[in-house]
Amino acid sequence: MNEKNRIGAVIWGIVVALVLLMPFIMQQNKYMMHIGIQMSFNVALATSMWLIWTLGFVSFAHAGFMGIGAYTTALLFLRLGWPIWINIWIGALLAGLVASLISLPLMRTRAVYFFMASWAVGEVIKRIFAMFRQFFGGWDGLLFILPPKLSFLGLHIDFSSRVAYYYLAVVFAMMVVFLVYRINQSRTGTIFWSIHEAEILAQHVGINVLRYKVLAFTVACTFAAMTGALYAHYHTFINPKSFDIWVSEFALVHIIVGGLATVAGPVLGATVLTAVDEALRPTGYYRVILFGVVLILTVLFMPGGLESIPRRIRALAERLRKNNGGSSKDATT
Amino acid sequence: MKAFMIVIMGGLGSILGALIGAFLIGFIDSFVTTLATAEIAYIMGFAAVFIILVFKPAGLFGQEWED
């Protein structure tokens, strides 16, 4: 167990170092930096969605809460001129408040019905942004959300450069992954999994199921809102279409392809699929088809997702070694 | 997409539920579109689905799921 933990820590360390050195490896290529930022957003979204999944739910309201964060930040920036460093927390707070209020009735539903109800929540949030033309800008959205600047201890960083924003997004994604990992390791995470496995049993053991459901939903939606804030300032433009159901759906595909058992799953799935998606961009609409094909193939042939590959390789090597050992023994006797 | 909404709202595996759900969504859509705007009609439709699922977690005529 300890050995395994150490190997895991080494792998995570290598990944973090590689990610932090990526701008120098890529020679600050702007397009590559763009993909890196996109990946960080997707990783943060998929990981926070996976936190809801540990309860056994698939929330399609995620894009809506991302929208709440993005719109709060954008409006405060455009109307009041506040910097993102304050707005992102206000957006997260607001989204957390809305999420905790909405999850009280929402968590009564189960399985397919939860999927439908959460979809309704996400869609209503999006439509509300579209409805108030004066305040939210309607379908046209909000323009000119400039990238932030940071002046701190004599340090001046202008985040309109891709490399600086890459570091901002990557550090944020790492923070989300780390926090979700810690939550998952803690007692609370164990309770989440117990609700996932047997909700009625958990209730009988004395766990306040509703409270933990609300907690998980709120935390995940807060992370989604913070992702949305960074998204708004990166694209400098948002409209309700940026937060429709497809965003949640892609996050779901990322999780399923990556694997559902540990936090490595969403990270791996989001990274790999974003890269594949970008590589297929010249083919136009085929990339949407590919998402379906990849999802079906994963479910059929690799139910554990991408994260199960090392285990599969190890099992295969074990089997090969056993076969070899067996045959050599046969030869000697 | 709307069909899926209706089926889930009526309760999976219930024809009567699908019928009633279809009527409900259809009426909300047409009435609110004439009285207000199409945007509000969309929101009202989803809000109706949400409220029904909250108060009847298995849909209008669906059986309770035992898992």
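**Cavity and pockets in chain A**

**View 1. Three helices of chain A, α3 (62-80), α5 (111-131) and α11 (245-258), each supply at least two residues of the lining of the largest cavity.** The model is predicted, so local features need pLDDT of at least 70 and side-chain atom pairs count only at pLDDT 80 or more, whereas totals for chains, interfaces and linings use all residues. Residues are numbered from 1 along each chain as its sequence is written, chains are lettered from A and ligands numbered from 1 in the order in which they are written, and side-chain values use heavy atoms, with hydrogens and water left out. The count comes to one cavity of 30 Å³ or more, a cavity being a set of points on a 1 Å grid over the protein atoms alone where a 1.4 Å probe fits but cannot get out. The volume of the largest cavity (the space filled by probe spheres set on its points, which are joined across faces, edges and corners) is about 50 Å³. Its lining, meaning residues with an atom within 4 Å of a point, consists of A:F60, A:A63, A:G64, A:W119, A:G122, A:E123, A:K126, A:F243, A:D244, A:I245 and A:S248. Helix α5(A) gives the largest share of this lining, with four residues, and by class the lining divides into five nonpolar, three polar and three charged residues, Gly being counted as polar.

**View 2. The largest pocket holds about 1900 Å³ of space.** Of the 44 residues that line the largest pocket, A:G8, A:I11, A:W12, A:V263 and A:A264 are the closest to its centre; a pocket here is an open set of points with protein on both sides within 12 Å along at least five of seven lines. At least two lining residues come from each of α1 (2-25), α2 (30-53), α7 (162-185), α12 (264-279) and α14 (309-332) of chain A, and α1(A) supplies the largest share, twelve residues. In this lining, 30 residues are nonpolar, ten are polar and four are charged.

**View 3. The second largest pocket encloses about 710 Å³ of space.** Its lining is made of 26 residues, and those that lie nearest its centre are A:Q38, A:V247, A:F250, A:D277 and A:R287. In chain A, α2, α10 (209-235), α11, α12 and α13 (286-301) each contribute at least two residues to the lining of the second largest pocket, these helices being DSSP runs (H or I, at least four residues) numbered from the N terminus. The lining of the second largest pocket comprises twelve nonpolar, eight polar and six charged residues.
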